[in-house]
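Please look over the surface of this protein and the pockets that open into it. The report below takes the surface before the pockets.

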Amino acid sequence: MKAAIIAIGNELLNGISSDTNSVFIREKLIGIGIPTESIQVVGDKKGSIINALDSVAADIDVVLCTGGLGPTHDDITMRVTADYFDSQIGPSTEVREQIETLFRKRGVPVNRISVRNQSLVPEKAVLIPNLNGTAPGLKFSKYGKRYYFMPGVPVEMKNMFMQSILPELRKESNR
């Protein structure tokens, strides 16, 4: 099994933030015997994200993406994944309830418009729970590859990766 990593975010390209997520993911993959064949950093542009997804080598089995799933205007990864995987976007009761629970737990007023927008997800995606934030992770399959999309916020990405994705990959790598 081989992996590729794609980090998405203008802040990674303009120097505001460093791409620590790719380093973290690569180290965890090494620990279970899965080599990382490529790491790409792209901006929050539809064409850049699609080019990165299309450029993954044919012999890659797992593509791990971080970033662009949040509620801000430049977070377009959710919509791009829907287009890329030919999926409609629709409301998820599961995601809406998770976000509302998180807000209540933090004592933050629930903004119905924000919650509604954040709970719109590609219908073909398998949802990955985000216990630390509002953006769910996504899992798709295409061209014999598995694609995982995680939030770019490091604490959210790390917890999602460790709780949901790494155990799945570990099982397959027999480590």
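## A nonpolar surface patch

Leu13, Ile39 and Val41 together make up a nonpolar patch on the surface, and their joint accessible area is about 240 Å². Patch members have over 30% relative accessible area and no salt bridge, with nonpolar side chains joined within 5 Å; areas come from the Shrake-Rupley method with a 1.4 Å probe. A salt bridge here is a side-chain nitrogen of Lys or Arg within 4 Å of a carboxyl oxygen of Asp or Glu.

Leu13 belongs to helix 1 (residues 10–13), a helix being a DSSP run (H or I) of at least four residues. Leu13 counts as exposed because its relative accessibility is 52%, the cut-off being over 50%.

## Basis of the model

The model is predicted, so local features need pLDDT of at least 70 and side-chain atom pairs count only at pLDDT 80 or more, whereas totals for chains, interfaces and linings use all residues. Residues are numbered from 1 along each chain, and side-chain values use heavy atoms, without hydrogens and water.

## The largest pocket

The largest pocket holds about 370 Å³ of space, and among its 26 lining residues Glu11, Gly67, Pro151, Gly152 and Val153 lie nearest the centre. Lining residues have an atom within 4 Å of a pocket point on a 1 Å grid. Strand 1 (3–8), helix 1, helix 2 (20–31) and helix 7 (154–173) each contribute at least two residues to this lining, which divides into 9 nonpolar, 12 polar and 5 charged residues, with Gly counted as polar.

Conventions
Patches are made of residues with over 30% relative accessible area and no salt bridge: like charges are joined within 9 Å, nonpolar side chains (Val, Leu, Ile, Met, Phe, Trp, Tyr) within 5 Å. Buried means under 20% relative accessible area, exposed over 50%, partly exposed in between (1.4 Å probe, protein chains only). On a 1 Å grid over the protein atoms alone, a cavity is a set of points where a 1.4 Å probe fits but cannot get out, and a pocket is an open set with protein on both sides within 12 Å along at least five of seven lines; lining residues have an atom within 4 Å of a point. Grid points are joined across faces, edges and corners, and a volume is the space filled by probe spheres set on the points.
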